[in-house]
Amino acid sequence: MKLDFEHIQSAHCENGVTTNLLRHIGVSQMTEPLAFGIGAGLFFAYIPLLKINNGPAIAFRTFPGLIFKRTCSYLDIEVVRKKFSSKEEAQKILDQTLQAGQPAGCQVGVYYLPYFPKEYRFHFNAHNLVVYGKEGDNYLVSDPIMENTTTLSSYELERVRFAKGALAPKGQLYYPKQVAAITDHQIAIAIEKGIKKNISNMIGIPGPIAGVNGIRFTGKRIKKWRDKLGLHKAGLYLAQLVRMQEEIGTGGGGFRYIYGAFLQEAFAYHPKEQLLEIAKSFTQAGDLWRTAAVQAAGIYKGRISSQEDFNVMGDYLIELAEIEKQAFVGLSKIKWQA
Amino acid sequence: MKKEEIPQDLSSLGKITKEVCYAVDGSGKYVTELSRGWEIKINALDVAWNDIEGRKATAKEKVFRNEVSPLLFFMERALMDITILAGYTGFWKWQIKRHLRPEVFNKLSDKKLQRYADVFNVGIEDLKSMNVNEA
């Protein structure tokens, strides 16, 4: 059985799954930038005491699952989401969902994902894909970061749906419920809600570790890494920072670019010149994140190693905090009810 | 980033799929373009894997010095910490901590060893000897 499902490749997995599942139920306006922006996907957080893969815990986007949840919620679309303790039950419900003609979003771990190259297979459990059919023992899979669709045997799919460790997916399955057509007016309202949510996440969370404060905080920390951790470990930490920033498919400072693209698309629904102006700030931020990554690479490749090199790196982030802060302050001044 | 500046450095992922990137065209409008990878990102991944290789070597030395059981070597090899290993084997974390002690590991029943061997995808003898092929 193969459901009629359009696979559109995206830069980021959750954006892609959200976009493709919503388009499937008839929300034809949905694009990756709109899903990312309405879902208030842009974020930054540095959690000092937590370690991931023996390095710092840094996130460049919002917590897994929230982009889908918010985008649907702001469009008043009901969501079905199920977690399972039993593998048999998880497969049974997936099969029933497909039988009912509904493609299903699945949260999976990438460690055992057979079509990923070995180099990318860490214990990262918040990857997302859509299952849109079953032929014999093989499930038809639309993984939005891949150019083409692929398949997983029932065993392979079960293994990634029940990956273990942090953010274990527990067989999680989700999809939006069918709705009447979503109007452009509803999209416009959702855009406004998404931007407001993102403003509050980036400049409204008190404390030093989240939003633009977190970027500044990380910049200050980086300047101390050389003395505190030694060159080798500091290099590892910077490599981890770049890996998080560059997650699969997000290019250089990619999430900032996607947000810039979102603001340009938002302009079609809210003709406010500020949106286009502020989009440029996000392009500028994305470019500077890219420059920072090049600087970090100089350090982790051992080409540069002085304290001054770490200072330059830290200062890039401090400058980024300011650029992104001004951008969100600008967005917060937009008067939506014109 | 301008569309023309999107890097095309072939990564291990690039051999399987190109990645979507967002960049601006000549008029400043966002467009998407496919990328084969970016050297900076490839290097960051290399750094992470070199670190893992180093951790494996260190673990092996510790096993030879009888400071820790071979489990540590296999955990480093599988990028697993105690929480992840507990998830996959069904052992409690405190049990795994005990099994990391050589004197406890050496007395483990074949049944328990098999649970580890299954997760690490090796035989019981290899689990004890750390004799594994590195692909």
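Begin the tour at the largest nonpolar core, which has 110 residues; select Val131(A), Leu238(A), Val242(A), Ile258(A), Ala296(A) and Ala44(B), the residues with the most contacts inside it. The model on display is a predicted one. Centre the view on Leu238(A), which touches Ala296(A), Ile299(A) and Tyr300(A) when residues up to four places away in sequence are left out. Next, colour the second core, which is separate and has 16 residues, among them Leu71(B), Phe73(B), Met75(B) and Val122(B).

**Helix α8 of chain A**

Select residues 254-267 of chain A, which form helix α8. This helix has 14 residues, and the distance from its first C-alpha to its last is 20 Å, close to the 20 Å expected at 1.5 Å a residue. Of these 14 residues, 13 are buried, so α8(A) is largely enclosed by the rest of the structure.

**Helix α4 of chain A**

Move to residues 87-99 of chain A, helix α4. Its 13 residues should span 18 Å at 1.5 Å a residue, and the end C-alpha atoms are indeed 18 Å apart. Show the side chains of Ala90(A), Leu94(A) and Leu98(A), which are buried. Looking down the axis of α4(A), one finds its buried residues within an arc of 65°, so they line one face of the helix. The spacing follows a general pattern: an α-helix has 3.6 residues a turn, so residues three or four places apart point the same way.

To see what the buried residues of α4(A) pack against, add β4 (104-108), β5 (127-135), α5 (154-161) and β8 (173-176) of chain A. Then rotate to the face turned away from the buried side of α4(A), where the exposed residues Glu88(A), Glu89(A), Lys92(A), Gln96(A) and Gln99(A) are carried. Just after this helix, select Gly101(A), which takes a positive phi of about 85°.

**Chain B and its contact with chain A**

Now display chain B, whose secondary structure comprises 7 helices and 2 strands. From the N terminus, its elements follow the order β-β-α-α-α-α-α-α-α. The C-alpha trace of chain B spans about 70 × 25 × 20 Å along its principal axes. Its radius of gyration is 21 Å, whereas a compact globule of 135 residues would have one near 14 Å. Of the 135 residues of chain B, 33% count as buried.

Show both chains together: 32 residues of chain B are in contact with 41 residues of chain A. On the side of chain B that touches chain A, β1 (19-24), β2 (30-35), α1 (39-64) and α3 (82-89) of chain B each supply at least two residues. Which element gives the most to this side? Select α1(B), which contributes 9 residues. Coloured by class, the side of chain B that touches chain A shows 21 nonpolar, 6 polar and 5 charged residues.

**Two loop residues with positive phi**

Most residues other than glycine have a negative phi, and most peptide bonds are trans. Against that background, select Asp76(A), which is not a glycine but has a positive phi of about 55°. Asp76(A) sits in the loop between α3 (66-74) and β3 (79-82) of chain A. Asp76(A) is exposed, with 11 other C-beta atoms within 10 Å.

End at Asn121(B), also not a glycine, with a positive phi of about 60°. Asn121(B) belongs to the loop between α6 (110-120) and α7 (124-129) of chain B. Is Asn121(B) buried or exposed? Asn121(B) counts as exposed, with 11 C-beta neighbours inside 10 Å.

Notes:
Residues numbered from 1 in each chain as written. Chains lettered and ligands numbered in written order. Predicted model: local features only at pLDDT ≥ 70, side-chain atom pairs only at ≥ 80, totals over all residues. Contact = placed C-beta atoms within 7 Å. Helix = DSSP H or I, 4+ residues; strand = E, 2+ residues; numbered from the N terminus. Nonpolar A, V, L, I, M, F, W, Y, C, P; charged D, E, K, R; others polar. Expected span 1.5 Å × (residues − 1). Buried ≥ 20, exposed ≤ 12 C-beta atoms within 10 Å, placed from the backbone. Rg over C-alpha atoms; globule rule 2.2 N^0.38 Å. Core = buried A, V, L, I, M, F, W, Y, C linked by C-beta atoms within 7 Å. Arc of directions from axis to C-beta.
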